[in-house]
Amino acid sequence: MPKVKVALIGVGNCASSFIQGIQYYNKPEATQPGLRNPTLAGLTPSDIEVVAAFDVDAHKIGLDLSEAIFAKPNNAPKVCDVPKLGVKVSKGPLLDGVGESTKALIEVSKEKDVNVAEVLIAARAEIVINLLPSGASNAARFYALQAIAADCAFINATPNFIASDPVIAGQFEDAGLPLVGDDLVDQIGSTALHKTLLKLLSDSGVHINETYQLDVGGGNESVDTMDRTRDAKRTIKTESVAAALSYKTQVVAGSTDYVDFLQNKRDSYFWIAGTYFCNTPLIIDLKFQTVDAPNAGSVLFDVVRAVKVAKTKKQGGAIEAISAYGFKRPPKMLPIDVAEAEFKKFVA
Ligand SMILES: NC(=O)c1ccc[n+]([C@@H]2O[C@H](COP(=O)([O-])OP(=O)(O)OC[C@H]3O[C@@H](n4cnc5c(N)ncnc54)[C@H](O)[C@@H]3O)[C@@H](O)[C@H]2O)c1
């Protein structure tokens with residue numbers, strides 16, 4: 001298959017790691033630790049080409065993408081130099097992209113908005129990846145419709161209801177374009193780790209009486225979450241974790257706070273209390289530290305390549321097999337092992 005041409009909505013921390021990852025993995029497969037699938041559907045990460053990008057921040061608009069990804073307030077770690085990509089960051093419409101608490105971090109550019117669909121068509125983009133702040137629900141819907149207008153598939157990495165919205169999914173189905181989402185799963189996410197621990201324990205006959213997982217982060221997304229989406233994220237994560245058990249118990253999972261000096265790091269704290277043989281108590285109390293933006297890279301590479309397969313097959317509407325594998329709130333939730341098997345079957 002030819003290169004996969006993608007457009008990025010939002011040149012924040014995730015975009016930075018994604019673009020650096022394409023550069024970092026532009027080498028033979030044998031030297032590629034860190035990827036779940038070095039090759040998928042015959043495609044490697046270096047088959048992915050970013051052909052357009054949109055933002056609103058004056059620090060990024062008009063810059064070559066290779067420079068914009070390192071502009072403030074981005075704080076994802078720099079892992080490699082990125083050569084000039086020949087793609088300038090275009091000014092998209094602001095809509096609800098900036099919340100009260102991120103106003104101090106993002107300086108909205110005074111440049112005129114571009115016509116997003118026209119830019120996508122001119123760049124020959126095939127897939128649009130939504131990497132807006134999680135509170136930007138109107139902007140997420142706007143860009144999804146621009147993707148349809150430009151004959152592009154849409155990947156919604158944000159927690160906004162896009163793939164799980166039957167009306168929007170219906171519009172993609174009518175247009176014969178793939179749609180996947182919502183809320184990208186991390187490569188090694190706290191939700192997946194929590195679910196795996198609970199499954200291991202309950203498969204071993206342990207009864208879970210109560211469990212929580214709370215985290216603090218230092219990226220801009222954590223500021224936006226505090227302000228606009230903490231409750232929604234807590235609902236998504238709690239439902240997802242609770243689904244790992246076949247019975248009801250006390251479960252809380254969600255983002256709690258912003259700690260600026262953590263930079264792009266995330267600290268997740270887990271508490272699990274249960275009982276095993278003859279009601280003997282068991283406690284798990286642990287901390288897990290990751291860096292946020294690189295944690296999105298591997299799954300995003302997989303999802304992009306799978307969506308390319310879906311687009312080549314001309315599959316329209318919400319694609320369940322990709323969404324259940326790569327997202328925390330897919331239109332149809334499947335157990336982790338079933339989702340993985342369905343995904344592999346889909347791309348095979
Ligand atoms: N591991 C992860 O980092 C991870 C995992 C799952 C989901 N996500 C989701 O990915 C999304 C992006 O995360 P991030 O850490 O890169 O966020 P970020 O805050 O670093 O980046 C968001 C970017 O969007 C830009 N923006 C704001 N309004 C805009 C508009 N109207 N048009 C175009 N651009 C606009 C901002 O200027 C910023 O550059 C979030 O919704 C997050 O929940 C991230």
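Student: How should I read the surroundings of the ligand here, and how many residues of each class does the shell around the ligand have?

Tutor: By class, the shell around the ligand has 21 nonpolar, ten polar and six charged residues. Please keep in mind throughout that this is a predicted model. When reading these classes, remember that Gly counts among the polar residues.

Student: How many residues surround the ligand, and which are the closest?

Tutor: The ligand is surrounded by 37 residues, and the closest of them are Gly10, Gly12, Cys14, Gly97 and Thr158. At least two residues of the shell come from each of α1 (13-24), β2, α7 (220-242) and α8 (294-312). Helix α1 gives the most, with three residues.

Student: Where does the ligand lie with respect to the two domains?

Tutor: Residues of the shell come both from domain 1 (4-185 + 294-347) and from domain 2 (190-291), so the ligand lies between them.

Student: What should I look at when I want to describe how these domains meet, for instance how many residues the contact takes from each?

Tutor: In general, the size of an interface is often given as the accessible area lost when the parts come together. For this structure we can describe the division and the contacting residues instead. The protein is divided into domain 1 and domain 2, and their centres, taken over C-alpha atoms, are separated by 26 Å. The contact takes 23 residues from domain 1 and 22 residues from domain 2. On the side of domain 1 that touches domain 2, the residues divide into ten nonpolar, nine polar and four charged.

Student: Turning to the sheets, what is the strand order in the open sheet of seven strands, and which strands stand at its edges?

Tutor: A useful habit is to follow the order across the sheet, with the pairing in mind. Here the seven strands are arranged as β3-β2-β1-β4-β5-β6-β11, and the pairing is parallel. At the edges stand β3 (89-91) and β11 (317-318), each of which has a single partner strand, so one side of each is left without a neighbour in the sheet.

Student: How many bridges join β2 to β3, and how many pair β1 with β2?

Tutor: Strand β2 (residues 48-55) is joined to β3 by three bridges, the two running parallel. Within that pair, Phe54 has Ser90 as its bridge partner, while Ala53 stands opposite Val89. Strand β1 (residues 4-9) pairs with β2 in the parallel sense over six bridges, with Val6 opposite Val50.

Student: Is β2 mostly covered or exposed?

Tutor: To judge that, count how many other C-beta atoms lie within 10 Å of a residue's own, where 20 or more make the residue buried. By this reading β2 is mostly covered, since seven of its eight residues are buried.

Student: What is the pairing in the open sheet of four strands?

Tutor: There the strands follow the order β8-β7-β9-β10, and the pairing is mixed. Its edge strands are β8 (250-258) and β10 (280-291), each pairing on one side only. Direction ignored, neighbouring strands of this sheet are turned by 10 degrees against each other on average. Helix α6 (residues 190-203) packs on the sheet, where α6 touches β7 (207-217), β8, β9 and β10, and the direction of α6 makes about 165 degrees with that of β7.

Student: Which pairs of this sheet are parallel, and which are antiparallel?

Tutor: The parallel pair is β7 with β8, over eight bridges, and in it the bridge partner of Val216 is Asp257. Strands β7 and β9 pair in the antiparallel sense over ten bridges, where Thr211 has Ile272 as its bridge partner. Strand β9 (residues 265-276) also runs antiparallel to β10, joined to β10 by twelve bridges, and Gly274 stands opposite Leu282 there.

Student: Finally, how do I read a single residue such as Arg329: is Arg329 buried or exposed?

Tutor: We can use the neighbour count again, with its cut-off of 20 or more for a buried residue. Arg329 has 23 C-beta neighbours inside 10 Å, and therefore counts as buried, although Arg329 is found in the loop between α9 (320-326) and α10 (336-347). Leaving aside neighbours within four places in sequence, Arg329 is in contact with Pro159, Ser164, Asp182, Asp183 and Ile236. Of these partners, Asp182 is 147 residues from Arg329 in sequence, yet their C-alpha atoms are 5.2 Å apart in space.

Terms used. Residues are numbered from 1 along each chain as its sequence is written. This is a predicted model: local features need pLDDT of at least 70, side-chain atom pairs count only at pLDDT 80 or more; totals for chains, interfaces and linings use all residues. Two strands pair if DSSP finds at least two bridges between them. A residue is near a molecule or strand if its C-beta atom, placed from the backbone, lies within 6 Å of it. Domain bounds come from an automatic or database domain assignment. Axes are lines fitted to C-alpha atoms, for helices over the stretch in contact, and angles run from 0 to 180 degrees between N-to-C directions. Two residues are in contact if their C-beta atoms, placed from the backbone, lie within 7 Å. A residue is buried if 20 or more other C-beta atoms lie within 10 Å of its own, exposed if 12 or fewer, and partly exposed in between; C-beta atoms are placed from the backbone.
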